[in-house]
Structure formats: structure tokens, C-alpha cells
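Thank you all for coming; I would like to take a few minutes to walk through one protein model. Please have a look at the sequence and the structure before I go on.

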Amino acid sequence: MYRSHRSRRRVLRRLVGFTLFACLAAGGISYALSRGGAVPSASAVSTFPAARSGSSLSAADARAMLADPRMVLVNHTHKMPEDLTFTTKECGSATAINKTLRTEAADAFLAMQKAAAAQGVTVWMQSGYRSVEYQTVLYNNKVKHFCSKGLSEAEAKQKAAAIVNPPGYSEHNCGLAADLNSPEHTALDEGFEDTAAFRWLCAHAEEYGFILRYPKDAEAVTEITYEPWHWRYVGRENAVLLNRSGLCFEDAIALLQRIAAGEKING
Ligand SMILES: [Zn+2]
């Protein structure tokens, strides 16, 4: 549960040469696909037609999106802001280890769970908010473990970080990440992909503000292996835009930053 989601692969980031809004304008195809239950995939970007003139997301819109606290980027190179404070609420299943999410995300999850249940699909929240203190204990224990094996402190830290994210670098620390499972498949592994719960999430999670954070085909960018169980709350409007863009979160943030800075992308 606490293991790092990071794969050790270091691959060149893909270059993205189109605007987010161009994707939105032309994104009906991917939207229709995602509504039909297809797995959101970063590779969808290559199927988008070229940008149409006058269809760019404005710099102001991009800045507003980036300033939205629900859009915070947390990964192994982006530490969670130190001063981030929030309330949490319980929404986990009986077997969950970390049962809470940030209150807004928990409410969204509970609404999503209810909607799924109404359609005969059970979705459980298995691991949510993990405090930085708890993350620190997990990480330090791992470092100690490797030190006891005779590694230097620097080596031990490097090795530990490959298994447990250092404190503040796990998306679970910001209370917006939820590992989901279902009675059909309780393990947090790729087997979750073959469940009615996962198919339902692919079709409906964006309506409740959740996106699949580590899609298939985005591993080179996220440096995290495909995780059908890990969903990230960003708010409904943002989730819809992100899904239609076909970009993984890292690529979307990078593109938004370029647009926010006034860069004209594909006219
Ligand atoms: Zn996770």
C-alpha cells in the first residue's frame, strides 16, 4: 500500500505540440471513447486533429487552472507545499488502511460510490490520505533497513526512495489521491482493470472530479507504472478538461504552464 508508485525507468519525455484547447475542440472522439468505458490513455493525443485557429485556451484560463489548489502536482520531483493545510473525512472501506481523503475529495468519492452502487457497481476506497508524519516513519524505516544491510546513508536513502516516496513526495500526502478497489478484486494491482468497477470509473469518475492518474502509455512521462487503482481528485471541471486533452497530468501541467506564460502553441 505504501510502496512507491514510481518505476525506475528513465525515459525521455515526449514532446507535446498542440494546445490543450485544441484537444478540447477536437476531443469529442476521446470523450466519446471515455464515456463508452474505454481506458483513458495518454496515447489518445496522437489521434487528435490539428489545432483550429482561434481555439486556444487563453493564458488567463490556463493560469486559473494552475492556481486551482486541487490541481497541485505532487510527484517524486515536486514536493507537496509545506504550508498545505486541509480537513479530512472518512470514506474508506472496512478494510482500508488509510480511510480518509481531503473533505471535498471524500464527499466527491462518496457521491461517486453512491452513483456506482445505484448501477449495481461496488467501488471501495482502500487507501487515501497519508500524513507526512506517517510517510516519514515509513521512509525512515526503509532507510534504516538498508543501512542495516551495510549500505551508506546516501545509498540507503536512494534505495528506500525507490520503494517508499520520501515525505511530502507522495500524492497520497496531499489527501487527493485514492486507491480504489472492489469486492471483485481487492488487491491493488493491474487485475483491477478487469472489473466492472474499473470500467464504471473510466466512464464516470470525471463526473465526480477524479482522473486516472497513472494511465497506460504514460509511464515514460509519469515514471510510474500503470495503476488502474490510483485515482486523483482534481474537481469535475478540471477532470473533464484533462480527460479530453488526452494528456497525463504531468504533460497537461507542463502545457498549461506554457500557455499561461503566453506561448502560442500551434497558432
Ligand atoms: Zn496510490
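Among contacts in the protein chain between residues at least 6 apart in sequence, what percentage join residues at least 24 apart? The figure is 75%, and I should say at once that this comes from a predicted model. The protein chain holds 10 helices and 6 strands, and of its 267 residues 43% count as buried.

Let me turn to the interior. The largest nonpolar core has 51 residues, and those with the most contacts inside it are Phe109, Met112, Leu201, Phe210, Ile211, Trp231 and Leu242. Several elements each supply at least two residues of this core, including helix H3 (59-67), helix H7 (196-204), helix H9 (236-245) and strand E4 (177-181), while the element that gives the most is H4, with 6 residues. If we leave aside residues up to four places away in sequence, Phe109 touches Cys91, Leu101, Met125 and Ala178. Apart from this core lies another, of 5 residues, among them Leu138, Val143, Ala160 and Val164.

Next, the sheet. Four strands form an open sheet in the order E3-E4-E6-E5, and their pairing is antiparallel. Strand E3 (124-127) and E5 are the edge strands, each of them pairing on one side only, and neighbouring strands of this sheet are turned against each other by 45° on average, direction ignored. E5 and E6, which run antiparallel, are joined by 3 bridges, and Ile211 has Arg232 in E6 as its bridge partner. Ile211, as I mentioned, is also one of the residues with the most contacts inside the largest nonpolar core.

Finally, the end of the chain. Helix H10 (249-260) has 12 residues and reaches 16 Å from its first C-alpha to its last, which is close to the 16 Å expected at 1.5 Å a residue. Its buried residues are Phe249, Glu250, Asp251, Ala252, Leu255, Leu256 and Ile259, so that list holds Glu250 and Asp251 alongside residues such as Leu255. After H10 comes Gly262, whose phi is positive, near 95°.

Lys264 also sits in the segment after H10. Why does Lys264 count as exposed? Because Lys264 has 10 other C-beta atoms within 10 Å, and a residue is exposed if that number is 12 or fewer. The C-alpha atoms of Lys264 and Ser58 are separated by 9.7 Å, although the two residues are 206 residues apart along the chain.

Terms used
Residues are numbered from 1 along each chain as its sequence is written. This is a predicted model: local features need pLDDT of at least 70, side-chain atom pairs count only at pLDDT 80 or more; totals for chains, interfaces and linings use all residues. A residue is buried if 20 or more other C-beta atoms lie within 10 Å of its own, exposed if 12 or fewer, and partly exposed in between; C-beta atoms are placed from the backbone. Two residues are in contact if their C-beta atoms, placed from the backbone, lie within 7 Å. A nonpolar core is a set of buried Ala, Val, Leu, Ile, Met, Phe, Trp, Tyr and Cys residues joined through C-beta atoms within 7 Å. The expected span of a helix is 1.5 Å times one less than its number of residues. Two strands pair if DSSP finds at least two bridges between them. Axes are lines fitted to C-alpha atoms, for helices over the stretch in contact, and angles run from 0 to 180 degrees between N-to-C directions.
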